[in-house]
Amino acid sequence: MSKNQIDSSVAERRLRPIYDCLDCGNNKRALQEADKLLRKQPSFQCAKALKCLALLRMGKEKDCEELIKTLHDEVPYNEATLQAMSICYRELHKPELICSLYAAAAEKQPASEDLLTHLFMSYVRVGDYKKQQNVAMALYKLLPKNPYYFWAVMSIVMQARTTNPELKSSIVLPLAERMVDKFIKQDKIEAEQEAQLYLMILEMQGKLEEALAVIEGPLGEKLQSFVIPNKRVELLIRLKRWREANVLLKKMLREEMDCWTFYKDYLQSVFQLIEEGGKGELENGGKVNEGKKGKEKGGERNVGEVVGSKEETNVGKDMKVVKDENAKMNEKEVVVDEEKKVGDEEVEKKEGKEVEKKVEEEEEKPDCSLSDCAAFLSNIQEENQRASHRLRGPYLAQLEFYSMLKQHGREDEVHLVGDLVELFMLYFHEFGGKQCCMGDLKPYLKMLSSEQAQDFLNQVFKVVQLEEGSLPSTLQQMLRYISNLQLSRCLGYHEVIDFNSKLKLATSLLHCYKESLHFNQGQLSTDIMNNDPYALLTAHILYDIWIETKDAIFLKDACVVLEFALSYSVSNYQIKLLLMKLYNMLGASREAYKVYELLDIKHMQLDTLGYLHLWPMLSTAQYSQAVQIFNTTLKFFTASNRESADHLTLSYKYGSFLKISEFVEFRDRINNSLHYAFVQVEKTLIEVMQATSHDHTAQMVEQSIVTEDIDWDRLEDNRDFTVLWTANPPERDFPRELIEVSFRTEKDLLRLRLLLLKLLSSAIKLSAIKSSKEEVRGDLVRYLGELNALYDRLKKQPHPKLPVNIIEAPPESRLHDYIASQLVPLLANLTRTVLGVDFSDKSGVVNGGGGENLLNGEEFDRLNLDDFNDFSTKSVSSLTEATEQVSTFAKENFGNGVNENSLNERLETIQRVTLVVELVCVSTVFCGVVFELVKENLAPVVGKKGKKKKETGAVLVVSPEQKKRTECFESLVTSTRKAIKVMDETVNHLKSAWHPSLTNVVTRVDLLEFKHPFCQYLNESYMSSLCELSSILRRKLRHVDELKL
């Protein structure tokens, strides 16, 4: 054994206790073991790296950073040391230092494949594509392997994503293409992924013809068989070679009749060919026509040969008879017979080949007319009906064909497809008892006229075979009846019936639900129960009645129905989603949170579905639960960023080049998520609201993880609006236009909330620093200007509210309430007050002088900072007005027997109280800022008086300016204290008014058998929100009481 091997084994044995402690989470013991080893071997780098890791995991981040920086400067190149340091840097969220670590190590050992590989992967993690390329080429020169070469090629391709379009098309992508061309000419392409990378490069340059030639050429043999036809169809469609695409799609549809994408592309190709006059591309069309003529002539010759062969065959038979009867026939005649026999066999073979050719010609013939298309789809349908297991694709393809005929203005040719109602009924006969029925047919129901719709529903009801007033007797009958109900709702029949009819229908569906529970026997608890659609339909109808009457009792009844259904179907996420939405509409966010926990939302769903529950929680003061969701969501985003880097490194390692772009796009979409930005801002604002002192507030702001600069143009709307089931008619769908309106509204809300946080943060910083305040003052003025500009724009051009009849729509944006409230005026006046107080304590500043002032005299005068007491008075006025309004509203609507059991005003009341409490919190923070600024310049002067020369206490020498600042501070503190007490009194009033209530809430549908302590839970939720507000107000009162000069 060599000396190096012995040293390595000894080092590993000595480090083993440290590794074991770290793996077990015993970081303190790991630190002790590392110190023990370092006392014996002070220069042991790996022990130092493990000590850094132990320190970091113990929360001693500064000690860790100091030690690892020293170790970094030593330029270690031992693999174990580098790995330990890489883990440290990863947990410190400093992946860029891993790059410099391995770069220095690679310089020491330039011939090390492992170090260069790790260096390449470190650049992959930070997205430094140029350095990736350089390291990959260095690896290839060191060891000429295909993977390293194509790492360099892929790095160039990734550079094309970030470079400008001109450079991308003229230099970057052509370079990547030449590099791969070189390997193709040398026949060095080995793997399928290398060929796919070449295709991707060609497609990125728009060289679709070359890409198609690659697929059809020798390089296409490297691709898997199932990839080639799909890719070929994609390229043919992009090249608008509809004739070839049509032929290929026909072949693929015969092999896979249920692929919906193939049907869509096939129908598109047919209509494109018709628009081109059925000629396709001129060159290809001419060749095809010539081929057809030649084949037709060949066909005529074959028919003649076949006729001749039959005659010759008959002659041969006669000759055989002659030969049997006359044994003395000449030997030459026998030879003639045998020759004719051989001729007959050859003709038969030729005939078979010609028939096969004709079949192939029919298959290769594109469908250039609507009749050809109808015949092809009919053939597919016939073949599907002959199968034992029938597929949905052929049925829906007929409906899609009918739809496209109408879209292209060819209503006079819809007879080619058949009667529309019959097409619907063909589908319903096969799949009417499936859950997919309504979803499959919904896009096509709008084609039905009112007469056709009525005819369709009548025929469906006949198929269901259910007498009026009776209940389904079999499971299949019940499922078809449910489909019938859903289709009638989709067709708008629930929209036209009156209030009493809707109430009667809801009661009838409830009865059906109760009487169909036995159809769920034998199902697992993880299954969705068969009769659940009854409960969902009932809840939707009650929601419709609420839209019509605005009586929250119907929302309450819907919640009770859904709670009852959830007790039987614990795994039905649709019931949970709708229940959570209805609870939030009632203001019962605590109950909604319980349902949210049952949904077990995780991973990507935290981003796509977080909007459903998180923002209603904030507007009803459920801050404790909201913080829990914030923490979980932020963990997901942090982990996603780390895991996406791991996915990228694995993609390079295993040559999955096509996935690299997808992972990068996914990472960008997550990092630029609107929800991610919101969560960061709102979490910090809640921490500021819950702070108990000025120092605590400053600490929360300092620890804020909010990104300073948001790229507003790259923000992504990842909200999922398709998750909630609905059978509403098309006019109540959530269209793309309204989604865009909602997105713009939320972006402006994020701007407002971010500016609020920035103003609070800058004001606190201004009070904390004693000198060099120019930059912070400049930030305050800039943010104030942005706030005023945003407020003016939203006042002049307010965002429209979303219709309430769209159940998939997100909760109403809080932006409307903020703009209608005193938040922005209060915030602007408080900011001017802080700037005025700060500026007034500098000599010459009030006259536009120098000193530390970043603003010139014109800017100073524009902001009117000299009259900061006036801004303070306006702030007091805004705060007083807001508190008195909400206090009056609460007392007028609740208490002394008024609205004792009413649910209608509770959500609005909680939202208004919560908003004003937020204003109080903002005012409290600025009181702390003004206090620090005023206290800074109240310098005590120690003096003596009296003959006994006894030392007296500190005497404050107050100048007129200091007196003005002190009065401003006292005014703010007094008004804030008063506002806190008014709001506390209002919250206590609501507690006493709501506490004994909700015991006699009426119900409008028969819910006697649906036993659920709903009113109790609802009341507890309201009390929880009010207690949260009381807690915040008590903290703010302590905060204000501590501000004494």
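**Exercise 1. Identify which residues line the largest cavity, and describe where they come from.**

Solution. Begin with the term itself: on a 1 Å grid over the protein atoms alone, a cavity is a set of points where a 1.4 Å probe fits but cannot get out, and a lining residue has an atom within 4 Å of a point. With that rule, the lining of the largest cavity consists of Leu685, Val688, Met689, Arg753, Leu756, Leu760, Glu918, Cys921, Val922 and Val925. This is a predicted model, in which local features need pLDDT of at least 70 and side-chain atom pairs count only at pLDDT 80 or more, while totals for chains, interfaces and linings use all residues. Residues are numbered from 1 along each chain as its sequence is written, and side-chain values use heavy atoms, with hydrogens and water left out.

Next, assign the lining to helices, which are DSSP runs (H or I, at least four residues), as strands are runs of E of at least two, both numbered from the N terminus. At least two lining residues come from each of α34, α36 and α42, and α42 gives the largest share, with 4 residues.

Then sort the lining by class, where Ala, Val, Leu, Ile, Met, Phe, Trp, Tyr, Cys and Pro count as nonpolar, Asp, Glu, Lys and Arg as charged, and the others, Gly among them, as polar. The result is 8 nonpolar, no polar and 2 charged residues.

Finally, consider volume, meaning the space filled by probe spheres set on grid points, which are joined across faces, edges and corners. The largest cavity holds about 70 Å³, and a search of the whole structure finds 4 cavities of 30 Å³ or more.

**Exercise 2. Describe the largest pocket by its volume and its lining.**

Solution. A pocket is an open set of grid points with protein on both sides within 12 Å along at least five of seven lines. The space in the largest pocket is about 1200 Å³. Its lining counts 49 residues, and those nearest its centre are Met585, Pro811, Glu812, Leu907 and Gln911.

Several helices each supply at least two residues of this lining, including α26 (532–549), α28 (573–585), α34 (674–689) and α42 (906–936). The largest share, 5 residues, belongs to α36. By class, the pocket lining divides into 24 nonpolar, 13 polar and 12 charged residues.

**Exercise 3. Work out how many disulfides the structure holds, and examine Cys436.**

Solution. A disulfide is a pair of cysteine sulfur atoms within 2.5 Å, and by this rule the structure holds 0 disulfides. Cys436 is in none, and the nearest cysteine sulfur, that of Cys437, is 6.8 Å away.

For exposure, a residue is buried under 20% relative accessible area, exposed over 50%, and partly exposed in between (1.4 Å probe, protein chains only). Cys436 is partly exposed because its relative accessible area is 23%, and Cys1027 is likewise partly exposed, at 41%.

**Exercise 4. Place Thr608 and Pro229 in their helices and find what they touch.**

Solution. Thr608 lies in helix α30, residues 605–608. Its relative accessibility is 16%, so Thr608 counts as buried. Contact means heavy atoms within 4.5 Å, and, leaving aside neighbours within four places in sequence, Thr608 is in contact with Asn718, Arg719 and Asp720.

Pro229 belongs to helix α13, residues 227–238, and its 25% relative accessibility makes Pro229 partly exposed. Not counting residues up to four places away in sequence, Pro229 touches Leu248 and Met252. The C-alpha atoms of Pro229 and Met252 are 8.0 Å apart in space, although 23 residues separate the two in sequence.

**Exercise 5. State what sets the phi of His93 and His603 apart, and where these residues are found.**

Solution. As background, most residues other than glycine have a negative phi. The phi of His93 is positive, near 60°, and that of His603 is also positive, near 55°. His93 is found in the loop between α5 (79–91) and α6 (95–108), whereas His603 is found in the loop between α29 (589–599) and α30. His93 counts as exposed, at 55% relative accessibility, and His603 is exposed with a relative accessible area of 55%.
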